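This report looks at how two domains of one chain meet in the structure shown below. It begins with the division into domains and then follows the interface between two of them.

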Amino acid sequence: MDFNHTEERRMLADSLRRTLARGADWATLAELGVLGALFTEDEGGFGGQGFDIAVVFEELGRAGSPLPVVEAGLAGGLLADCGQAELVEQIIAGTLRPAFAHGEPGLRYDHGPIRTRYEDGRLTGRKSVVEGAEGADLLVVTALENGDTVRLFTVAPDAPGVTLYTTPSLNGGSVSEITFDGAAATPIGGHMGLVENRIEAATLAVCADALGAMETARDMTLDYLRTRKQFGIVIGKFQALQHRMADVAIEIEQARSAVINLAGHLHADALARDRHASAAKNMVGRVARLVAEEAIQMHGGIAMTEEYALAPVSRRLIAVDHRYGDEDWHLERFIRLSA
Amino acid sequence: MDLNYTPDELAFRDEVRAFIKDNLPADIARRVGSGEPLTKADMDLWHSRLNAKGWLAGSWPREFGGQSWTAVQKHIFEEEYAAAHAPRIVPFGVAMLGPVLQAFGSKAQQDYYLPRILSGEDWWCQGYSEPGAGSDLASLKTRAVRDGDHYVVNGQKTWTTLGQFANKIFCLVRTSTEGKPQEGISFLLIDMDTPGIEVRPIILIDGVHEVNEVWFTDVRVPVENLVGKENEGWTYAKYLLTHERTGIAGVGFATAALDSLKRIARTEMNHGRPLIEDPHFAARLARIEIELMAMATTNLRVVAGAAEGKAPGAESSMLKVKGSILRQQINDLARRAVGPWAVPFVSEDLEGNIYHPGPEYSARVANSYLNNRKISIYGGSNEVQRGIITKAILGL
Ligand SMILES: Cc1cc2nc3c(=O)[nH]c(=O)nc-3n(C[C@H](O)[C@H](O)[C@H](O)COP(=O)(O)OP(=O)(O)OC[C@H]3O[C@@H](n4cnc5c(N)ncnc54)[C@H](O)[C@@H]3O)c2cc1C
C-alpha cells in the first residue's frame with residue numbers, strides 16, 4: 001500500500017502549482033507538460049493514467065484556471081483513439097487546442113441519443129453547453145452516420161455553416177451553443193464506446209479539479225476565520241463555526257478518497273471503473289456544494305461580492321455538479337451498476 | 001384549535017387576490033418569477049398602485065395613512081402578493097423606518113416623512129452595517145459630532161441595499177464612546193444629496209449591482225434629523241429588529257418559488273420523461289414541500305400569537321433560520337432541475353440585455369441560487385439567530 005504519488009507526478013504538481021499561482025497561458029501549460037501528462041506513451045505523451053489526470057487537474061482547480069484543459073484532453077483522447085497521431089502531437093506541443101462537441105439540447109446529462117447528422121460530407125444539428133469551444137482550433141463532433149451509428153468528425157470552428165453562441169460559464173471559462181448547418185466535416189471513425197471511455201476520464205478530471213478548488217475555498221475560509229474579528233475576538237473562536245469547519249475538513253478528505261478510488265480504477269474493467277466514477281462524482285458534487293455554501297456562510301457578506309477572490313471559487317464548485325452528470329444522475333447509475 | 005381563516009379573513013384574501021390580478025403588470029410578474037432584477041421604475045410603479053389602494057403600508061395605523069391591518073391580514077397580504085410574483089415591497093421606508101418614526105419620531109418628523117414614504121417621494125436605504133461592524137453591529141464607528149445646529153458625520157457604511165436608488169438614508173452613528181458600545185449610538189436621518197456623501201457600487205456574486213458602500217466625509221446633518229434621543233439609537237434599532245417580523249419566514253416567497261420549481265420540473269426532460277417523474281428528483285421535491293407545509297403552520301402559530309398581542313420575540317429567529325434554509329433549498333433544487341442550463345452564466349450587459357441559450361425559466365436559476373445565499377447572512381446571520389434561540393428560548 002502506498003498513497004504517495006510518484007516523484008515525477010509530485011514534481012509536475014509542484015511546478016504546476018508554482019506556475020499557475022503566477023498565471024499561465026496555454027503555451028506555458030504545454031511547456032510544463034500538462035498536456036503530455038494526459039496522454040499515454042503509446043499516444044505520444046508520458047502519462048495518461050488516472051493519477052496523472054488527478055494530479056494535473058487538482059492543481060488547475062486549486063488555482064482556479066479558466067483554461068479548457070478538460071475539453072482539450074477529452075477531444076485529444078478521442079483523436080488519439082481514432083489514430084490522429086499528428087493532431088495529438090500538436091495538442092501535446094500546445095499548438096492545437098481542440099474542444100469536444102457532444103451534448104445536445106434535451107439530453108440533460110445522458111450521453112445520447114445523438115441527433116446531429118452527417119450526410120454527404122456535411123454536418124447538421126445543434127450541440128449544447130459546449131465548454132471551451134470559443135477560440136478552439138478544432139472541434140471534435142459526434143454525429144449519426146447513415147442515420148444510425150454515432151461516429152466522430154472534425155470540423156473547423158470557423159468553417160461556413162458553423163455558428164457559435166458563446167456565454168461566460170459558471171465554471172469560469174466559456175460555453176457555446178453550436179449550430180451546424182451543412183458544415184463541411186472530416187470523418188475520423190470511432191464509436192460511442194470510445195466516447196464513454198473518455199467521458200469517464202473527463203469525469204475524473206472534473207472531480208480532481210473540484211478537489212483543488214475545495215481546498216482553496218477551505219484555506220481561504222480558514223484564513224478569514226483566523227483574522228476577521230467580531231465581538232472583540234476572531235470569529236474562528238466561535239465553536240459554532242469551528243465545528244462546521246471541522247465537518248468541511250472531514251468531507252474534503254472523504255472526497256479525496258473517492259477521487260483516489262476513481263483514479264486507481266480508471267483503466268480497470270468498465271463496471272468497476274463506472275461504479276467508481278459514479279461514486280466519486282456523486283460524492284464530489286455533494287461535497288463541492290457543501291464547501292461552497294459553508295465557505296460563503298462562514299465568511300458572511302464579504303463572500304457575496306464579486307470582488308472577493310472566493311466568488312469564482314464558489315461558482316466553480318457549484319458548477320461541478322452540472323458537468324458530466326450531477327449527483328442524482330450518478331446515484332442512479334451507481335444503483336444500476338450495483339444491482 | 002381551528003386551522004381555518006374566518007369568513008372575514010377569507011373575504012380579505014379574495015379581495016387581495018383580485019386586486020393583484022387586476023393591477024400587477026404581467027411583465028413585472030414574469031421577471032420577478034424568473035429572478036431578473038427589477039428597475040427602479042418597476043418598483044415605483046408597483047408601490048404607487050399599492051399606495052393608491054391604501055395597501056402599501058397596510059399594517060401602519062390608520063392615523064398614519066395605513067389600514068391598521070391585523071397580523072393575520074398582513075400575513076394574508078404577504079402570502080398572496082408573493083405567490084403572485086409581485087415585487088417585494090422595498091422594506092426600508094415602509095417596514096423599517098415607518099414603524100420607528102411612528103414609535104419614536106417627533107410629530108414634525110412623522111408629518112413630514114411618513115407621507116413621503118407612501119407617495120414614493122422618498123426612497124430610503126438602511127445604513128447600519130460597516131466593514132468592521134456586521135454581526136457585532138454595536139461596534140460601529142461612523143461618527144457624528146455635534147457642531148452648532150448640525151451633526152458632522154464621518155465614516156463608512158456598507159452593504160447598503162439599493163442605495164443607488166435612494167435619496168435618503170437612515171443611519172446608526174456613534175455619538176459617544178463612553179459606557180457600553182450600545183449606549184453611544186444615535187439614529188440619524190440623512191439626505192443623500194448632502195455634500196460629502198459618496199455611493200460606490202458593490203457587484204454581487206451573481207453579477208448584479210444590488211448593494212453599495214456609502215462614504216461620509218464631513219457630512220452636515222441638521223440636528224432636527226435625529227430620531228428620538230441622542231445615544232438611544234440602539235433601542236430604536238432593536239425595536240425595528242423585533243417589530244413586524246411575521247413576514248420573516250418568507251413562506252409566501254417560498255411557495256411562489258416552489259411553484260416555479262414545479263413548473264420547471266414538469267417541463268425539463270430527464271431520460272425522455274418529465275423530470276418531475278424522476279424518483280430521486282421527486283423525493284427531493286417532496287421533502288421540501290413537507291417542510292414548507294409545516295413551516296406555513298409554524299409561521300401562522302407565531303402570527304396568531306402576535307394577533308393575541310404577544311410581541312414576536314425569539315420565535316422570529318426560528319422562522320428566520322428555517323425560512324431562509326428552506327428558500328435556499330428551493331433555489332438549490334431549481335438550479336439542479338435545469339441541469340446543464342445552469343452552466344451558461346449570464347448577467348445583464350450594459351444595455352440591460354440578457355442572452356441565455358436555455359429555456360427562459362433556466363436563464364437566472366444559477367444567479368438566483370447564488371444571490372439568495374445572502375438570506376442566511378443578512379438581517380442577523382443564522383448563526384446569530386441560533387445564538388438568540390439558545391439564550392432567549394432555551395435558556396442555555
Ligand atoms: C446582500 C446583502 C445585503 C445587505 N443589506 C444591508 C443593508 O441594506 N443595510 C445594512 O445595514 N446592512 C446590510 N447587510 C449587512 C448584513 O446585515 C451583514 O452582512 C450581517 O450582519 C453579517 O455581517 P458580516 O457580513 O460583517 O459578517 P460577520 O459578522 O463578519 O460574520 C462572519 C461569520 O461569523 C459568524 N458569526 C459572527 N458572530 C458570531 C457569533 N457570535 N457566534 C457564531 N458565529 C458568529 C457569522 O454568522 C458569519 O458566519 C447586507 C448584507 C448582504 C450580504
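## Domain contact in chain B

In this predicted model, chain B is divided into three parts, namely domain 1 (7–89), domain 2 (124–231) and domain 3 (249–394). The centres of domain 1 of chain B and domain 3 of chain B, taken over C-alpha atoms, are separated by 20 Å, and the contact takes 14 residues from domain 1 of chain B and 17 residues from domain 3 of chain B.

Between them, domain 1 of chain B and domain 3 of chain B bury about 1300 Å², with 62% of that area on carbon and sulfur atoms. On the side of domain 1 of chain B, the residues that lose the most area to domain 3 of chain B are B:His75, B:Glu79 and B:Ala82, which together account for 30% of what that side buries.

The polar part of the interface between domain 1 of chain B and domain 3 of chain B includes 1 salt bridge, and 4 residue pairs are in polar contact across it, both residues being at pLDDT 80 or more. B:Arg30 and B:Glu360 form a salt bridge in which the closest N and O atoms are 2.6 Å apart.

On the side of domain 1 of chain B that touches domain 3 of chain B, the elements giving two or more residues are α2 (26–33) and α4 (71–83) of chain B, and α4(B) supplies the largest share, 6 residues. The residues of this side divide by class as follows.

| Class, side of domain 1 of chain B that touches domain 3 of chain B | Count |
|---|---|
| nonpolar | 5 residues |
| polar | 5 residues |
| charged | 4 residues |

Conventions:
Residues numbered from 1 in each chain as written. Chains lettered and ligands numbered in written order. Predicted model: local features only at pLDDT ≥ 70, side-chain atom pairs only at ≥ 80, totals over all residues. Heavy atoms only, no water. Domains from an automatic or database assignment. Contact = heavy atoms within 4.5 Å. Buried area = accessible area lost by both parts, 1.4 Å probe. Salt bridge = Lys/Arg side-chain N within 4 Å of Asp/Glu carboxyl O. Polar contact = N/O pair within 3.5 Å; in protein donor to acceptor, adjacent residues only side chain to side chain. Helix = DSSP H or I, 4+ residues; strand = E, 2+ residues; numbered from the N terminus. Nonpolar A, V, L, I, M, F, W, Y, C, P; charged D, E, K, R; others polar.
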